[in-house]
Amino acid sequence: MSVVDEIRCSHCGAPIAFKPGEILATCKYCGYTVVIETGQTFTFEHSILLNKYDQTQIEEPIKNWMREGFLKPSDLARKSKIIEKNLVYLPFWVVSCEAKSVYKGIFERITPAVVKEGKVEKEYDWLVLARKATEFPTREYDVPLEGKIPFDFRKVEAFAKVLNSEIDKDGAVELARQQIDEHHRFLIKEDVDRVIEMKTEIDLKQAVYLHSPIWFVKYEYKGKNYQLLGDGATGMVIKGDIPSSGFGML
Ligand SMILES: [Zn+2]
């Protein structure tokens, strides 16, 4: 399994454990976050969103989600069984910025085709997951940012797990730029059929380091296992596997 290393917290002196690849680690005793490479205290805003559900309560919003929507089997809530539920505080960077993409492309829907130039300019609180190997649908997760408070380990449940960041601020801003560029490319396709030139620039306002309570849930339905992700702050299901209702495949 993965090796665990240790440094001393520069604030309270307690040992802070971290794993290879982690860049920021938070002290379990005083809640200070340190940059592992330098041992220095982290100077950016570090926030947490509070989880509002215990291991029993979280079943209710999940069952409600199972009851909603015509794409789900009608007996899903009744016949399924939640077999695993783990609360993990995932690290994110919220990159607040103005993004501008300038482009040139060819509009081919008329004859003769024409060259068009334009720009897409938008403001974002762009979410970047601060872990490399974890799959997470960041674009489907509407972070309830208004509920964030300064990070506080006393608010973290004993049964929950807190993951450290593997991406620093500069890395997060660059990832946001790439993802926004991709998103703008998608928007530009409304306007031109072929993009010849495109450049995206980011005007960074703020980057906030944030831990968010995410429930990793496994449920069983008619002998098969499915997964879903729940937001512990709101009870919303961020994304979930839906068993096929049994129609249409015959
Ligand atoms: Zn400490």
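**Helix, strands and a zinc site**

Me: Which elements do the buried residues of α1 pack against?
Reply: In this predicted model, the buried residues of α1 touch α2 (76-79), β6 (81-107), β10 (194-221), β11 (224-231) and β12 (237-240). Packing here goes by contact, with heavy atoms within 4.5 Å.

Me: And which residues of helix α1 are the buried ones?
Reply: Helix α1 covers residues 59-67, and its buried residues are Pro61, Ile62, Lys63, Trp65 and Met66. Right after α1 comes Gly69, with a positive phi near 90°.

Me: What makes the zinc ion's protein donors count as donors?
Reply: Distance! The SG atoms of Cys9, Cys12, Cys27 and Cys30 lie 2.3 to 2.4 Å from the zinc ion. The cut-off is within 2.8 Å of the metal, so these sulfurs qualify.

Me: Why is the site of the zinc ion called tetrahedral?
Reply: Check the angles: among the 4 donor atoms they run from 105 to 113°. Four donors count as tetrahedral if all angles lie between 85 and 135 degrees, so the label fits.

Me: How are the donor residues of the zinc ion spaced in sequence?
Reply: The pattern reads C-x2-C-x14-C-x2-C. Within it, Cys12 and Cys27 link distant parts of the chain, 15 residues apart. Cys12 sits in the loop between β1 (5-8) and β2 (15-18), while Cys27 is in the loop between β3 (24-26) and β4 (33-35).

Me: Why is Cys27 called buried?
Reply: Its relative accessible area is 0%. Buried means under 20%, so Cys27 passes.

Me: Why does Cys12 get the label partly exposed, then?
Reply: Cys12 has a relative accessible area of 39%. Buried is under 20% and exposed is over 50%, so 39% falls in between and Cys12 is partly exposed.

Me: How do you know that β6 and β9 pair?
Reply: Count the bridges: β6 and strand β9 (residues 161-162) have 2, in the parallel sense. Pairing takes at least two bridges, so this counts as a pair. Tyr89 stands opposite Val162 in β9.

Me: How many bridges join β6 to β10, and do they run parallel or antiparallel?
Reply: There are 25 bridges, and the two strands run antiparallel. Gly105 has Val195 in β10 as its bridge partner.

Me: What connects β6 to β7?
Reply: A hairpin does, through 6 residues. β6 and strand β7 (residues 114-129) pair in the antiparallel sense over 16 bridges. At least two are needed, so they count as paired too. In that pairing, Val94 stands opposite Leu127 in β7.

Definitions and conventions
Residues numbered from 1 in each chain as written. Predicted model: local features only at pLDDT ≥ 70, side-chain atom pairs only at ≥ 80, totals over all residues. Heavy atoms only, no water. Donors = N, O, S within 2.8 Å, 3.2 Å for Na, K, Ca; no water. Tetrahedral: all angles 85-135°; square planar, octahedral: opposite > 155°, others 65-115°. Helix = DSSP H or I, 4+ residues; strand = E, 2+ residues; numbered from the N terminus. Buried < 20%, exposed > 50% of the residue type's maximum accessible area, 1.4 Å probe, protein only.
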